[in-house]
Amino acid sequence: MDRIRIQGGARLNGAIPISGAKNAALPLMIASLLTSQTLTLENVPRLADVRLLLRILGNHGVDHMIAGKRPGELPTSGQTLKLEARNIVDTLAPYELVSRMRASFWVLAPLLARMGQAKVSLPGGCAIGTRPVDLLLQALESLGAKIDIEAGYVIASAPKGLVGGQIVFPKVTVGGTHVALMAASLARGSTVIHNAAREPEIVDLADCLTKMGARIQGAGGSTIEIEGVASLGGATHTVLPDRIETGTYAMAVAMTGGDVFLQGARPELLQSALDVLSRTGAQISSDAMGIRVRRNGGEIQPVDVMTDPFPGFPTDLQAQFMALMTRADGVTRITETIFENRFMHVQELARFGAKIHLEHDTAVVTGVRSLMGAPVMATDLRASVSLVIAALAAQGETIVHRVYHLDRGFEQLEQKLRDCGAEVERISGGD
Ligand code: UD1
């Protein structure tokens with residue numbers, strides 16, 4: 001298993017190109033199952049999760065083509081994927097594949113909507129507390145699906161097709177909203193999704209489905225209305241920039257000091273996180289080309305944070321922000337409201353000398369003068385990148401083990417950091 005070695009202490013200076021959003025690319029790829037025509041996705045990040053999803057989709061009969069290099073293309077340019085599900089040859093998504101990536105469970109919706117049946121293994125994915133799928137299944141039941149669970153598999157059927165209905169989510173769920181959007185687009189009649197997730201990735205999926213011929217109103221708000229259509233067609237869509245990658249590098253700069261331009265980043269996708277970063281003392285500015293983050297000397301100010309669904313502070317930036325607060329000039333309270341048990345990074349951050357204790361869903365972080373490099377272990381996607389951030393600011397050397405977690409969600413992490421002056425290298429193989 002690969003490791004990453006980081007020699008801490010360097011300030012970050014330069015430019016980092018922001019990749020297409022993983023959390024938008026995955027549902028967009030899954031939407032290819034809804035049509036027999038070609039869905040072309042541009043700016044798709046080169047990530048392990050994308051490659052795995054291509055395998056899963058291939059198993060259902062989706063052909064894919066990855067466009068070759070184009071003139072002027074940089075290694076960091078996103079890739080163009082053409083996906084074509086002319087015939088769905090298999091409506092079974094097996095445990096071996098779904099257990100490796102939670103989002104692949106969402107294939108249930110388009111398979112059911114287009115084929116009237118699907119059998120999909122209950123999911124796996126990041127170990128961040130119990131992550132049930134009850135709300136996703138209830139959404140499909142609201143559209144007339146019959147759902148059974150047998151031996152770890154969800155068996156869904158709607159022999160006469162899905163019918164529009166009222167979907168009321170008791171809590172905001174991104175996956176539930178994606179599933180509801182895809183299923184309702186091909187259901188007979190109209191559907192209203194109440195308490196829908198408002199994340200930018202939901203809007204991206206709705207935009208793409210609309211290009212494919214779906215009739216969707218209100219995406220980005222809490223109530224979404226969908227008028228089902230008999231079939232969907234092909235489309236070309238560009239994946240929006242990754243707000244979590246953007247916030248991660250912004251926090252790294254706020255931690256190490258320096259001056260970095262995040263190319264292609266869009267501030268409106270992570271305004272709450274940028275506001276918090278400004279209050280810590282970082283200087284943030286933006287233009288049509290991206291976001292500039294600077295911090296030149298001065299203490300890092302503590303800022304209390306509570307995670308919330310969009311437009312609140314994202315849970316996917318909680319670990320990175322905690323890394324930053326380990327060096328703050330005072331005490332910070334960080335409350336996680338989305339996922340229980342999303343504090344696995346706390347113990348690893350402590351290995352750098354961070355002072356953190358947990359009070360139920362709140363981490364109380366007492367800033368220290370300096371962190372010391374240490375061997376640490378990545379536990380999940382976002383937790384692992386928080387260790388990288390801490391390592392960049394720590395004195396001495398850090399080895400991050402189990403970096404396959406990082407490869408799932410961060411494209412060319414080492415290269416992007418090295419280009420800004422960080423001492424980062426990957427060590428192949430070993431434990
Ligand atoms: C997505 C993101 C993930 C992010 C999360 C919250 C992708 C691929 N993943 O995950 O990075 O951290 O949104 O922003 O886009 N819940 C239920 N029952 C369900 C579904 C969800 O109780 O059927 C709960 C979850 O346990 C959690 C909350 O609802 O407490 C929100 O989860 P959800 O928004 O569904 O997360 P994901 O879509 O899995």
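This passage walks through the two domains, the ligand site and a couple of backbone oddities. The structure is a predicted model, so everything below is read off computed coordinates.

Start with the overall layout. The domain assignment splits the chain into domain 1 (3–18 + 241–427) and domain 2 (22–238). Domain 1 is thus written as two stretches of sequence, with domain 2 given as a single range. Their C-alpha centres sit 30 Å apart. Across the boundary, 23 residues of domain 1 touch 20 residues of domain 2. Putting the two domains together buries about 2,000 Å², and carbon and sulfur atoms account for 52% of that. On the domain 1 side, the residues giving up the most area to domain 2 are F310, R408 and E411, which together make up 33% of what that side buries.

Now for the ligand. There are 21 residues around the ligand, and the ones that come nearest are D134, L135, V174, D316 and I338. Both domains chip in here: domain 1 and domain 2 each provide at least three residues of the shell. In terms of secondary structure, α5 (134–142) and α6 (174–185) each bring at least two shell residues, and α5 has the largest share, with three. Chemically the shell is a mix, with ten nonpolar residues, five polar ones and six charged ones.

As for polar contacts, three are worth spelling out, each made by an oxygen atom on the ligand side. In the side chain of D316, an N or O atom lies 2.6 Å from a ligand oxygen. The backbone gets involved too: a backbone N or O atom of G175 is 2.7 Å from an oxygen atom of the ligand, and at P132 a polar backbone atom is 3.2 Å from a ligand oxygen. On its own the ligand has 740 Å² of accessible area, and the protein covers 89% of it.

Two spots in the backbone deserve a mention. One is the peptide bond between F310 and P311, which is cis, with omega at about 10°. F310 has already come up as one of the domain 1 residues losing the most area to domain 2. P311 itself sits in the loop that runs between β18 (305–306) and α10 (318–325). The other spot is N341, which has a positive phi of about 65° despite not being a glycine. N341 also belongs to a loop, this one between β19 (331–335) and α11 (345–350).

Note on methods
Residues numbered from 1 in each chain as written. Predicted model: local features only at pLDDT ≥ 70, side-chain atom pairs only at ≥ 80, totals over all residues. Heavy atoms only, no water. Near = heavy atom within 4 Å. Polar contact = N/O pair within 3.5 Å; in protein donor to acceptor, adjacent residues only side chain to side chain. Areas by Shrake-Rupley, 256 points an atom, 1.4 Å probe, with all protein chains shown as cover. Helix = DSSP H or I, 4+ residues; strand = E, 2+ residues; numbered from the N terminus. Nonpolar A, V, L, I, M, F, W, Y, C, P; charged D, E, K, R; others polar. Domains from an automatic or database assignment. Contact = heavy atoms within 4.5 Å. Buried area = accessible area lost by both parts, 1.4 Å probe.
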